[in-house]
Amino acid sequence: MNAPDPLPLLAELVRRESVSGGEERLLSFLAGWFGERGLEAAVEGRNLVVRAGDPAGPRLLLNAHIDTVPTGPGWTRDPFGAEVSGGRLYGLGASDNTASAAAMASAMVALAGEDLPGEV
């Protein structure tokens with residue numbers, strides 16, 4: 001299966017406030033996003049667990065955080081606007097570390113359709 005484009009997912013993640021300790025809505029959104037793509041996702045505390053492949057084989061863990069710091073002064077753009085300009089997406093958490101989470105989520109969708117020698 002082809003990996004979905006991570007940019008629309010990144011925009012959706014940036015648009016949702018996810019201050020550290022308050023990630024529940026974002027975790028729920030991501031669990032639903034995976035479910036729509038045929039993957040089971042389990043929210044475990046402040047974590048989202050999604051598995052693909054053979055659990056009897058070697059394992060690879062993909063790990064990123066989705067929490068952010070609270071907004072502060074100095075923003076010249078809407079921190080939740082997910083505005084794309086000049087080939088960049090702007091918003092709170094867009095590069096640390098939400099972009100990694102969006103890329104990993106897209107990769108998981110692609111990997112789920114493959115015959116993997118282990119579990120991701």
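This is a short talk on how the helices, strands and loops of one structure fit together.

Hi everyone, and thanks for coming. Before anything else, please keep in mind that this is a predicted model. I'll begin with the helices, move on to the hairpin, and then visit a few individual residues.

Let's start with helix α1, which covers residues 6-14. Which helices does α1 pack against? One partner is α3, residues 98-112, and the axes of α1 and α3 come within 9 Å. They cross at roughly 135 degrees. An angle over 145 degrees would count as roughly antiparallel, and this pair falls short of that, so α1 is oblique to α3. The crossing is right-handed. If you'd like to find the contact on your screen, look on the α1 side for Pro6, Leu9, Leu10 and Leu13. Facing them from α3 are Thr98, Ala99, Ala102, Ala103, Ala105 and Ser106. Sorted by class, that contact has 8 nonpolar and 2 polar residues, with no charged ones.

The other partner I want to show you is α2, residues 24-36. Here the axes of α1 and α2 are 10 Å apart, and the angle is about 155 degrees. Because that is over 145 degrees, α1 and α2 are roughly antiparallel to each other. This crossing, too, is right-handed. From α1 we have Leu9, Glu12 and Leu13, and they meet Leu26, Phe29, Leu30 and Trp33 of α2. The class count for this contact is 6 nonpolar, no polar and 1 charged. You may have noticed that Leu9 and Leu13 appear in the contact with α3 and again in the contact with α2.

Now to the hairpin. Strand β1, residues 41-44, pairs with strand β2, residues 47-50. The pairing is antiparallel and runs over 4 bridges. To get your bearings, find Ala41, which stands opposite Val50 in β2. The hairpin has 2 residues between its strands, and Gly45 has a positive phi near 65 degrees.

A positive phi also turns up at Ala82, and that residue is not a glycine. Its phi is near 50 degrees. Ala82 sits in the loop between β2 and β3. Is Ala82 buried or exposed? Its relative accessibility is 5%, so Ala82 counts as buried.

Let's stay in that loop for two more residues. Thr68 also lies between β2 and β3, and β3 is residues 83-85. With a relative accessible area of 11%, Thr68 is buried. What does Thr68 touch, once its neighbours within four places in sequence are set aside? Its contacts are Ser18, Val19, Ser20, Leu92 and Gly93.

The second one is Ala64, again in the loop between β2 and β3. Ala64 is partly exposed, at 26% relative accessibility. Not counting residues up to four places away in sequence, Ala64 touches Asn97, Ser100, Ala101 and Met104. Ala64 and Glu17 are 47 residues apart in sequence, and their C-alpha atoms are 16 Å apart in space.

One of those contacts, Asn97, deserves a stop of its own. Asn97 is in the loop between β4, residues 88-90, and α3. Where is the cis peptide bond? It joins Asp96 and Asn97, with omega at about 15 degrees.

Last stop: Leu111, which takes us back to helix α3. Leu111 is partly exposed, with a relative accessible area of 26%. Leaving aside neighbours within four places in sequence, Leu111 is in contact with Leu116 and Val120. How far is Leu111 from Gly53? The two are 58 residues apart along the chain, and their C-alpha atoms are separated by 7.8 Å.

So, to recap: α1 lies oblique to α3 and roughly antiparallel to α2. The hairpin joins β1 and β2 in the antiparallel sense, and the cis peptide bond is between Asp96 and Asn97. Thanks for listening, and do grab me afterwards if you'd like to look at the model together.

Definitions and conventions:
Residues are numbered from 1 along each chain as its sequence is written. This is a predicted model: local features need pLDDT of at least 70, side-chain atom pairs count only at pLDDT 80 or more; totals for chains, interfaces and linings use all residues. Side-chain values use heavy atoms; hydrogens and water are left out. Two strands pair if DSSP finds at least two bridges between them. Axes are lines fitted to C-alpha atoms, for helices over the stretch in contact, and angles run from 0 to 180 degrees between N-to-C directions. Angles under 35 degrees count as roughly parallel, over 145 as roughly antiparallel, 65 to 115 as roughly perpendicular and the rest as oblique. A crossing is left-handed if the near helix is turned anticlockwise from the far one by less than a right angle, and right-handed if clockwise. Contact means heavy atoms within 4.5 Å. Ala, Val, Leu, Ile, Met, Phe, Trp, Tyr, Cys and Pro count as nonpolar, Asp, Glu, Lys and Arg as charged, and the others, Gly among them, as polar. Buried means under 20% relative accessible area, exposed over 50%, partly exposed in between (1.4 Å probe, protein chains only).
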